[in-house]
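Here is a short report on one protein chain. Please read it with the sequence and the 3D structure side by side.

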Amino acid sequence: RVPATEKLGRVHTSTASVAVLPEVADGGAAEVDVREADLRVETMRASGAGGQHVNTTDSAVRITHVPTGVTASCQDGRSQQQNREKAMRVLRARLVSAERARRAAERAAQRKGQVGTSARSERIRTYNYPDDRV
């Protein structure tokens, strides 16, 4: 286009970038399937305050998700069962967070591949050599 303010009659061009991405049906919520077979559960004696009780019971729990290597441990509660439940909640939260980050990185890579840099060199140009368009 040639703007009205252009005195020398030069053509001004602009660029626009468009990214076409799939719509996420579940609102982006990442649910991770944690199978019991994929977990390694270790129990140990808790450290820190607690007196004689912590010296005699294996109440601390460390749960490792073997396929990803993500670990969660807990020694806050008095019983092994409480600590196991809390460690599972933490592990599940970490796995969901990692899955969301992976999906976001995948979407960003898709978008970047489609949009490019929007630099002038990426434009599709038409050269009008007096109406013998190239």
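## A buried serine

At 3% relative accessibility, Ser59 counts as buried. Buried means under 20% relative accessible area, exposed means over 50%, and partly exposed is in between (1.4 Å probe, protein chains only). Ser59 sits in the loop between helix H1 (52–56) and S2. Helices (H or I, at least four residues) and strands (E, at least two) are DSSP runs, numbered from the N terminus. Setting aside neighbours within four places in sequence, Ser59 is in contact with Met44, Ala46, Cys74, Gly77, Arg78, Ser79, Gln80 and Asn83. Contact means heavy atoms within 4.5 Å.

## The model and its limits

This is a predicted model, in which local features need pLDDT of at least 70 and side-chain atom pairs count only at pLDDT 80 or more, while totals for chains, interfaces and linings use all residues. Residues are numbered from 1 along each chain as its sequence is written, and side-chain values use heavy atoms, with hydrogens and water left out.

## The chain as a whole

The protein chain has two helices and three strands. From the N terminus on, they run β-α-β-β-α. Of the 134 residues of the chain, 19% count as buried. The chain exposes about 10,300 Å², and carbon and sulfur atoms supply 49% of it. These areas come from the Shrake-Rupley method with a 1.4 Å probe; for residues, only the protein chains shown count as cover. Among contacts between residues at least 6 apart in sequence, 41% join residues at least 24 apart.

## The sheet

Three strands make an open sheet in the order S1-S2-S3, with antiparallel pairing. S1 and S3 stand at the edges, each with a single partner strand, so one side of each is left without a neighbour in the sheet. Neighbouring strands are turned by 15° against each other on average, direction ignored. Axes here are lines fitted to C-alpha atoms, for helices over the stretch in contact, and angles run from 0 to 180 degrees between N-to-C directions.

Two strands pair if DSSP finds at least two bridges between them. S1 and S2 pair in the antiparallel sense over six bridges. One bridge partner in S2 is Arg62, which matches Glu42. S2 and S3 are also antiparallel, over five bridges. They form a hairpin with four residues between them. Gly69 in the turn has a positive phi of about 80°.

## Two faces of S3

In a regular strand the side chains alternate between the two faces of the sheet. S3 shows this alternation. Val70, Ala72 and Cys74 point to one face and are buried. Thr71 and Ser73 point to the other face and are not buried.

## The helix on the sheet

H2 has 36 residues. From its first C-alpha to its last, H2 reaches 52 Å, close to the 52 Å expected at 1.5 Å a residue. That expected span is 1.5 Å times one less than the number of residues. Buried residues of H2 are Asn83, Ala87, Met88, Leu91, Leu95, Val96, Glu99 and Val115. They pack against strand S1 (39–44), S2 and S3.

Arg92 also belongs to helix H2. Arg92 is partly exposed, with a relative accessible area of 35%. Not counting residues up to four places away in sequence, Arg92 touches Val32 and Val34. Arg92 and Asp33 are 59 residues apart in sequence, yet 9.0 Å apart in space, C-alpha to C-alpha.

## The nonpolar core

Which residues touch the most other members of the largest nonpolar core? Of its 13 residues, they are Val32, Val34, Leu39, Ile63, Met88, Leu91 and Leu95. The elements giving two or more residues to this core are strand S2 (60–65), strand S3 (70–74) and helix H2 (80–115). H2 supplies the largest share, five residues. A nonpolar core is a set of buried Ala, Val, Leu, Ile, Met, Phe, Trp, Tyr and Cys residues joined through side-chain atoms within 4.5 Å.

Leu95 is in contact with Val32, Val34, His65, Thr68 and Val70, leaving aside neighbours within four places in sequence. His65 lies in strand S2 and stands opposite Val70 in S3. Is His65 buried or exposed? His65 is buried, with a relative accessible area of 5%. Beyond four places in sequence, His65 is in contact with Val34, Asp38, Leu39, Val70, Leu91 and Leu95.
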